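Visitor: I would like a close look at a single part of this protein, namely the salt bridges and the places in the fold where their partners sit. Please take the surroundings along as well, so that the charged pairs can be seen in their setting.

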Amino acid sequence: MCRHKTICGFVLLLILLSGGAICIWNINKGKTEPRIPTIYIFSDGICWDKKEHCDIITTNQGITDTIFGSIKFRGGISSGYPKHSFSLKLTEKYPLAGLKEAKSFIINATYIDKTLMRHKISYDLFRAMSPENEAAECSYANLYLNGQYEGLYVIMDKINAQRLGLDKKESMAMIFKDPPLFWGENRITPQEPDNYFQQTYPKLKKADMNAYMESFMDFLFNAPDSLFAKEIGQWIDISNVIDWHLLLLYTNNGDGVMKNFYLYKKSEQTPFRIVPWDYDHSFGRDGDNELNMLERNVDCERSILLKRLRQIPDLNYEEQLKTRWKELRDNGIFSVSHFKEMVANNDKIIREAVLHNAEKWPYNAPQYYDSNSYTQELDIMTAYIQKRIPQLDSCFQYHKKTTEQCIR
């Protein structure tokens, strides 16, 4: 790793790649130090199916580093958008864009979200709810690919064994991404035929956990109510589920009930816990960018887990949910003022970079339902939360029947 200190706010880096000279001028020449880092990536070619070698230069708070790694495109539906996301793996641990040292990162285009905040705010909220809650740490960076400006990106640490603190000596430590656990008979077609539950750790060849997950799913759907009430806490952390449930309701993320989460287990003695993922479907917008100011409410009863937790009286789940909502309201985590503060803090960091990003990726592109600007989109988020919090306050303060209707 090479480290160079920037002098007088501007530096010229001469990089020799593939026999050619590429000059990169600090984009902040003649200006004050930028609030966010800049990442320059050089690669002979980027693919979808495998990572290719890349050289990386980062500038952050006057420090310039040269690091190395491999990169590929990433994304499902978002792969159809013109601004692409990337998976990046470094040869050694590095605090990319000011995040914790790690080898693996997601460079998220967040194209469909004009604020570039919905993921970050959702994850920050979930972690703020409890020190036990895990969610991706996020930062911002301007990205250049082979010398060409690609836009403002959300840099995220990758949810993996290292990030979750899993002990590789534990035979029952495991991670699944978007496991179709709560679907029951409505089975989906897996991306990998032999990996139905989408196991990401350990590698399937090392330890196949499909049979264990089949047992969990059988319990969820078929265990008698009395047995379910007695043993569900051995399978999954109920406090963590309650926080996840409230996050779904708070953000109105209908796409996050059956997918868009990680499920992980640290050891044989610990239950499964949930890590939220992919929250651009939130705060007044659906995942495809369609405006949704609570005309369409999240239906948590689609999940067999959330449905049975609520329906079995012995679990007293609704009362736990109600109590937890009041705790989060009383401590200010769920409040209009806290939400506005989170938006303002992010806006202070990225506003100038967002305007530059919009020059590259216009707001009136055909992928959007409207041509709202960044500022107008911030107003939508605030208007949404000002409407959603009183609505949920009413739900959790009314009698049992009303509460049931609201949290479904």
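Guide: What follows begins with the whole chain, turns to the charged pairs, and then moves outwards to the cores and sheets.

The model is predicted, and the protein in it has 10 helices and 14 strands. Of its 408 residues, buried ones make up 56%, while the accessible surface comes to about 18700 Å², with 49% of that area belonging to carbon and sulfur atoms. Among the contacts with a separation of 6 or more, 65% are between residues 24 or more positions apart.

The count of salt bridges comes to 22, where a pair is accepted if a side-chain nitrogen of Lys or Arg lies within 4 Å of a carboxyl oxygen of Asp or Glu. In general terms, side chains of opposite charge can pair when their charged atoms come close.

Helix H7, which spans residues 317-330, is a good place to start, with Glu327 and Arg324 both in this helix. Their side chains meet in a salt bridge, with an N to O distance of 3.0 Å. The two residues are separated by about one helical turn, because they stand 3 residues apart in H7. Their exposure can be read from the relative accessibility: Glu327, at 40%, counts as partly exposed, whereas Arg324, at 16%, counts as buried, the limit for that class being under 20%.

A salt bridge also joins Arg329 to Asp393, and here the closest N and O atoms are 3.0 Å apart. This pair links distant parts of the chain, since Arg329 belongs to helix H7 and Asp393 to helix H9 (residues 374-397), with their positions 64 residues apart in sequence. Arg329 counts as partly exposed because its relative accessibility is 25%, while Asp393 has a relative accessible area of 16% and is therefore buried.

Elsewhere, the side chains of Arg127 and Glu137 form a salt bridge with an N to O distance of 3.3 Å. Arg127 lies in helix H1 (residues 118-129) and Glu137 in the loop between H1 and strand S9 (138-145), so that the pair, 10 residues apart, links distant parts of the chain. Glu137 is partly exposed, because its relative accessibility is 22%. Beyond such pairs there is a network of salt bridges in which Asp113, Lys114, Arg118, Arg285, Asp370 and Glu377 are linked.

Arg324 also leads from the charged pairs to the nonpolar interior. With neighbours within four places in sequence left aside, Leu246 is in contact with Arg324, and also with Met129, Leu321, Trp325, Leu328, Phe334 and Phe396. Leu246 is in turn a member of the largest nonpolar core, which has 96 residues; together with Ile232, Ile236, Trp244, Tyr250 and Leu309, Leu246 is among those that touch the most other members. A second, separate core has 24 residues, including Ile41, Cys54, Ile71 and Tyr153.

Helix H5, made of residues 238-251, lies across strands S13 and S14 and runs at about 25 degrees to S14. These strands belong to an open sheet of 4 strands with antiparallel pairing, in the order S12-S11-S13-S14. Its edge strands are S12 (199-201) and S14 (273-276), each of which pairs on one side only, and the twist averages 30 degrees from one strand to the next. Within the sheet, strand S11 (residues 174-177) pairs with strand S13 (residues 261-265) over 4 bridges in the antiparallel sense, and Ile175 has Tyr264 in S13 as its bridge partner. Helix H3 (residues 210-222) lies across S11, S12 and S13, and its direction is at about 105 degrees to S13.

A further set of strands is found earlier in the chain. Strand S4 (residues 38-42) and strand S5 (residues 52-60) run antiparallel and are joined by 5 bridges, with Tyr40 standing opposite Ile57 in S5. S5 also pairs with strand S6 (residues 63-74), again in the antiparallel sense and over 9 bridges, and here Ile56 stands opposite Ile67 in S6. The hairpin of S5 and S6 has 2 residues between the strands, and Gln61 takes a positive phi near 55 degrees there.

Technical notes: Residues numbered from 1 in each chain as written. Predicted model: local features only at pLDDT ≥ 70, side-chain atom pairs only at ≥ 80, totals over all residues. Heavy atoms only, no water. Buried < 20%, exposed > 50% of the residue type's maximum accessible area, 1.4 Å probe, protein only. Pairing = 2+ DSSP bridges. Axes fitted to C-alpha atoms, helices over the stretch in contact; angles between N-to-C directions. Contact = heavy atoms within 4.5 Å. Core = buried A, V, L, I, M, F, W, Y, C linked by side-chain atoms within 4.5 Å. Areas by Shrake-Rupley, 256 points an atom, 1.4 Å probe, with all protein chains shown as cover.
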